[in-house]
Amino acid sequence: MRIQEMNPAKLAALFRKEFELCNVQEGETIALLSDLTSRREYVQAAFAAASELGADTYDMCVNSSPSWTKVGVETIGACKGTVDVLAAADLLVCLHVPLFTKWMKTVRDAGTRVLMIIDAPDDLEQLMAPPGLREAVIHAGQRLEQTRTVRVTSDAGTDLTYDCGDYPTMIQYGYADAPGRFDHWGGGHVHTFPNEGSATGTVVIQPGDMVILPYNRYVQDAIHLEVDNGHITRISGGMDARLMEHWLEDNKAHPDDLDGHYLSHLGWGLNPQARWDALALYGDDPDRTYAASRTFPGNFLFSTGPNSQGGGKRTTKGHYDVPMRDCTVTLDNDTIIDKGRLVDEKMIVEKVAR
């Protein structure tokens with residue numbers, strides 16, 4: 001574990017800058033959602049920043065700790081009255097992972113902006129959205145929204161195609177500035193869920209790619225996946241393949257359950273502040289890789305499992321997130337990423353020194 005480099009005294013000012021990006025106005029109400037493992041300095045910084053902006057703030061601390069390996073935990077939905085309270089807030093700041101929950105959809109449908117803050121202080125500073133990221137991500141989202149067929153290839157042997165359009169395109173540029181919007185501080189990527197049964201082909205996860213959910217490690221030996229009718233039909237390879245197969249099998253609800261083997265959100269990263277080598281630099285502490293590993297420019301983020309966040313029915317815990325390098329991505333035969341390098345000029349954002 002690396003020592004924090006950022007001066008802790010800067011945290012409140014950093015939160016104020018983020019809240020300003022989130023369009024926090026005087027008189028608004030900010031709800032903080034924390035648990036017993038949340039960083040209390042984040043609660044304090046949020047209170048200080050909100051106060052400076054003239055917003056009212058409260059902290060709701062729950063008795064469960066949802067995480068990337070325990071997605072979809074309905075803690076808030078199980079606590080009487082809490083959903084209505086959060087739905088009345090202008091901005092909800094989640095200090096743990098609220099994804100794939102029913103209650104968050106209810107809160108967002110009420111117009112509450114939702115911002116997830118789960119990364120380490122150094123990363124909050126480094127990954128804060130640079131100028132132009134919002135515009136680049138919106139452009140990428142529009143391109144994906146208009147696309148009907150995506151093809152992903154690589155020299156390692158990946159050749160995957162899938163159709164899209166049945167599920168919404170989702171974009172993150174690092175701040176929640178519009179009613180009902182969800183975002184992740186440090187974000188900068190786009191994705192959607194493939195049409196049911198449409199994904200087919202081969203995926204080769206090669207050494208240097210990352211399994212950031214659940215294991216948070218670089219892949220050491222190639223994983224070969226065969227995909228047909230929307231789900232993985234065969235997993236082969238060495239230790240990393242065995243780990244993947246174990247996780248998906250271990251999270252089956254019953255012996256015939258294939259929900260974890262179906263492809264989940266698929267998309268790519270655009271945040272120039274994010275680093276592929278964050279895992280090598282800072283170790284396997286998830287706080288240092290939550291955003292950075294998912295959003296570095298040109299990665300193709302491959303995943304399996306739940307699709308309820310997009311309106312689907314799968315809620316399995318068999319979720320696997322793998323940012324893949326060196327892939328070529330074509331949208332309806334138009335290449336937007338060439339061997340891991342963004343080639344659509346409107347998706348390229350200049351990195352800011354911090």
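In the predicted model, Phe19 is in contact, once its neighbours within four places in sequence are left aside, with Val24, Ile30, Ala46, Ala49, Ala50, Leu53, Leu91, Val93 and Leu115. Phe19 also belongs to the largest nonpolar core, a set of 72 residues in which Phe15, Phe19, Trp268 and Phe302 touch the most other members. The element that gives the most to this core is helix H2, with seven residues. Apart from this core lies another, of 24 residues, which includes Ile76, Val83, Ala89 and Phe100. In soluble globular proteins, nonpolar side chains tend to be buried together.

Aromatic contacts were examined next. A search of the whole structure returns eight aromatic pairs. In one of them, the ring centres of Phe15 and Phe19 are 6.0 Å apart and the ring planes stand at 80°, so the arrangement is edge-to-face. These two residues are both located in helix H1 (residues 11–21), where a spacing of four residues places them about one turn of the helix apart, and both are buried. Phe15 forms a further aromatic pair with Tyr42, for which the centre-to-centre distance is 5.5 Å and the angle between the planes is 55°, a tilted geometry. Because Phe15 lies in helix H1 whereas Tyr42 lies in helix H2 (residues 40–53), this pair ties together parts that are 27 residues apart in sequence. Tyr42, like Phe15, is buried. Phe15, Phe19 and Tyr42 form one aromatic cluster together with Trp185.

Two arginine side chains are placed over tyrosine rings. Arg181 lies over the face of Tyr173, at 3.9 Å from the ring centre, while the charged end of Arg288 sits over the ring of Tyr282, 3.8 Å from the centre of that ring.

Turning to the strands, an open sheet of five strands, paired in antiparallel fashion, follows the order S7-S9-S15-S16-S17. Strand S7 (170–172) and strand S17 (320–324) each have a single partner strand and stand at the edges, so one side of each is left without a neighbour in the sheet. Neighbouring strands of this sheet are turned against each other by 20° on average, with direction ignored. Strand S16 (residues 300–304) is joined to S17 by five bridges, the two strands running antiparallel, and within this pairing the bridge partner of Leu301 in S17 is Pro323. Helix H7 (residues 133–146) packs on the sheet through S7, strand S9 (189–192) and strand S15 (266–269), and the direction of H7 makes about 20° with that of S9. Helix H8 (residues 239–250) also packs on this sheet, where H8 touches S16 and S17 and makes an angle of about 145° with the direction of S17.

An open sheet of eight strands, again with antiparallel pairing, has the order S14-S13-S10-S6-S5-S18-S19-S20. Its edge strands are strand S14 (231–237) and strand S20 (341–342), each of which pairs on one side only. Strand S18 (residues 327–331) and strand S19 (residues 334–338) run antiparallel and are joined by three bridges, and the bridge partner of Val329 in S19 is Ile337. Helix H8 packs on this eight-stranded sheet as well, touching strand S13 (223–228) and S14, with its direction at about 145° to that of S14. Helix H8 is thus in contact with S16 and S17 of the five-stranded sheet and with S13 and S14 of the eight-stranded sheet.

Conventions. Residues numbered from 1 in each chain as written. Predicted model: local features only at pLDDT ≥ 70, side-chain atom pairs only at ≥ 80, totals over all residues. Heavy atoms only, no water. Pairing = 2+ DSSP bridges. Axes fitted to C-alpha atoms, helices over the stretch in contact; angles between N-to-C directions. Contact = heavy atoms within 4.5 Å. Phe/Tyr/Trp six-rings, centres within 6.5 Å; stacked < 30°, edge-to-face > 60°. Buried < 20%, exposed > 50% of the residue type's maximum accessible area, 1.4 Å probe, protein only. Lys NZ or Arg CZ within 6 Å of the ring centre and 35° of its normal. Core = buried A, V, L, I, M, F, W, Y, C linked by side-chain atoms within 4.5 Å.
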